[in-house]
Amino acid sequence: MWSRTTKNIKNVVSYFRTVNFSSQVVCHQKVCIVGSGPAGFYTAQHLLKNCPTLEIDMFEKLPVPFGLVRYGVAPDHPDVKNVINTFTAIAKSGRLQFVGNVTVGKDVTLNDLRNAYDVVVLAYGAAQDRWLGISGENLCNVVSARKFVGWYNGLPEESHLKFDLDAETAVIIGQGNVALDIARILLTPIDMLKKTDIAQHALEALSQSKIKNVKIVGRRGPLQVAFTIKELREMIKLPGNSYRIHLENPEFIDACLPKTSRPRKRLTELMLQSSSIKRSEEDSSKQWELIFHRTPIKIVGDSNANKVNGLVVGINHLTGDDWENPQVEDTGLRETIPCGMILKSIGYKSLPLSDELPFDHAKGIIRQTEGRVEGMQGVFCSGWVASGPVGVIASTMQSGHDVGKRIIEDLKNGIVGTGTRKPGRDAILSQLEARNVEPVTFVEWEALDNEERERGKYQKKPREKIVDVREMIDIAKKGQS
């Protein structure tokens, strides 16, 4: 008698093999996309719109789609997550097959995919932390932004983490949107967070948090911050919070405004206006601060508890005529910021999923030109794995569409997609079946999606994310046995 797992695999393989992609033209060109986040879906969107006879399979390491939209976007930003509706329409178009719970580099190799498909698109994002490279970085409660965001968003690999939120002061190193997201989650009244899709384990921990002061520290000045005006406005309006924006030379900043772009000008004007407002509501039990011109030098801790209790920073001044990219010079002055938690929001980098992939390890990106991977004909890359973790979802959309254009150009010009017909997903599914891998279909994801929404109703939340991969698969496969 077959085991349930073996029977599930057989059922899924049978499902994939009976899918009819197009009733118009029998297609000989097959595309595989690795990664189901914004970069992968936007690349697929352009291909489906402009090349109606392509077959596309999308492989994802987790049993669930949507990548950064599900696990990176802050839980109190449901409007940003609405893009999932667009991605769902793409996945249900009948011309793209989602294949979840498959790890490329483990369950199948990059060479396996190249042998099976005319085009392989790598769009698997950035999943490794950058390091400050300073003393004390390994102390307890020094946390990467990536791990903390994954923790409160229910990313399975980070859901088990435990953080000490008993300190009154936390320092966030970095001044991008993710830094402000983390500050906002730490300081938002718990009754507001309860209405979001934040993971339950994070909600419970944050409800007991004693953090009252969050200091957001950057090496450069207010003219170089990476966060957007939307994020800053949310912080300024955050209930129960006062704030301080430390501007050392507002006259100089004001004089630079005519040279800035409109978005930068509006953002800087808001900082200037807000820095002069002394907001101190009677019910403001918490506070956040923006601190500029500070470079982390050393993290200090309690030698007995191996726990952080401060950050030593060097005080900088900026030089040069280019205000957008000034030189940072150390004044030699030092100060210590007392704190019980440090969160490093200094960027991420990608990892190569195979040894043969041309990879810039220093930058954490695949070496490529206009999305074409160097020395690997028919292999493309899109999104953060190509550019590094820059921009927002809208810029990732442009990247995905641009890579889609390059793929279509190469197909039309006969650079790829010629010669022997590729077997496509049949070959890959046979390998997965032989290796006892349980691929998850989009239909099965929808069953899991419905279960999360149902569980959320009991908590009066949009959904309650399931954080155990085995449980995810079991729910997805329910009814398939």
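## Exposure and the Glu454–Lys457 pair

A residue is called buried when its relative accessible area is under 20%, exposed when that area is over 50%, and partly exposed in between. The model described here is predicted. Glu454 has a relative accessibility of 39%, so Glu454 counts as partly exposed. Lys457, with a relative accessible area of 56%, is exposed.

The side chains of these two residues, Glu454 and Lys457, form a salt bridge with an N to O distance of 3.0 Å. Both belong to helix H16, which covers residues 442-459, and they are three residues apart, about one turn of the helix. An α-helix has 3.6 residues a turn, so residues three or four places apart point the same way.

## Salt bridges between separate elements

There are 37 salt bridges in the structure. One of them joins Glu158 to Lys147, with 3.7 Å from N to O. This pair links distant parts of the chain: Lys147 is in helix H6 (145-152), while Glu158, eleven residues apart from Lys147, is in the loop between helix H6 and strand E7 (169-173). Glu158 has 2% relative accessibility and is therefore buried. Lys147 is partly exposed, because its relative accessible area is 30%.

A salt bridge also connects the side chains of Lys307 and Asp164, at 2.5 Å from N to O. Lys307 lies in strand E12 (residues 307-319) and Asp164 in the loop between H6 and E7, so this salt bridge ties together parts of the chain that are 143 residues apart in sequence. Both partners are partly exposed: the relative accessible area is 26% for Lys307 and 23% for Asp164.

## A salt-bridge network

Which residues are joined into one network by salt bridges that share partners? The members are Lys61, Asp129, Arg146, Lys147, Glu157 and Glu158. Among them are the two partners of the 3.7 Å salt bridge, Glu158 and Lys147. Of that pair, Glu158 is the buried residue at 2% relative accessibility, and Lys147 is partly exposed at 30%.

## Positive surface patch

Arg233, Lys237, Arg262 and Arg266 come together on the surface as a patch of positive charge. One of these residues, Arg266, is located in helix H12, which runs over residues 262-275. The relative accessible area of Arg266 is 32%, which means that Arg266 is partly exposed.

## Cysteines

How many disulfides does a search of the whole structure find? The result is zero. Cys51 is buried, since its relative accessibility is 13%. Cys256 is also a buried residue, with a relative accessible area of 4%.

## Positive phi values

Most residues other than glycine have a negative phi. Asn101, a residue other than glycine, has a positive phi, near 65°. Asn101 is placed in the loop between strand E3 (96-99) and helix H5 (110-116). With 15% relative accessibility, Asn101 counts as buried.

Lys460 has a positive phi as well, near 60°. Lys460 sits in the loop between H16 and helix H17 (469-476). Is Lys460 buried or exposed? Its relative accessible area is 73%, so Lys460 is exposed.

## A covered helix

Helix H7, made up of residues 177-187, is mostly covered, with ten of its eleven residues buried. Charged side chains are found among the buried residues of H7, including Asp181 and Arg184. The others in the buried set are Asn177, Ala179, Leu180, Ile182, Ala183, Ile185, Leu186 and Leu187.

## Two long-range distances

Val385 lies in helix H13, residues 384-387. At 0% relative accessibility, Val385 is buried. Val385 and Ala126 are separated by 259 residues in sequence, and their C-alpha atoms are 6.0 Å apart in space.

Gln377 belongs to the loop between strand E19 (372-373) and strand E20 (379-381). The relative accessible area of Gln377 is 59%, and Gln377 is therefore exposed. From Gln377 to Ile245 the separation is 132 residues in sequence and 50 Å in space, C-alpha to C-alpha.

How values were computed: Residues are numbered from 1 along each chain as its sequence is written. This is a predicted model: local features need pLDDT of at least 70, side-chain atom pairs count only at pLDDT 80 or more; totals for chains, interfaces and linings use all residues. Side-chain values use heavy atoms; hydrogens and water are left out. A disulfide is a pair of cysteine sulfur atoms within 2.5 Å. Buried means under 20% relative accessible area, exposed over 50%, partly exposed in between (1.4 Å probe, protein chains only). Patches are made of residues with over 30% relative accessible area and no salt bridge: like charges are joined within 9 Å, nonpolar side chains (Val, Leu, Ile, Met, Phe, Trp, Tyr) within 5 Å. Accessible areas come from the Shrake-Rupley method with a 1.4 Å probe; for residues, only the protein chains shown count as cover. A salt bridge is a side-chain nitrogen of Lys or Arg within 4 Å of a carboxyl oxygen of Asp or Glu. The place of a charge is taken as NZ of Lys, CZ of Arg, CG of Asp or CD of Glu. Helices (H or I, at least four residues) and strands (E, at least two) are DSSP runs, numbered from the N terminus.
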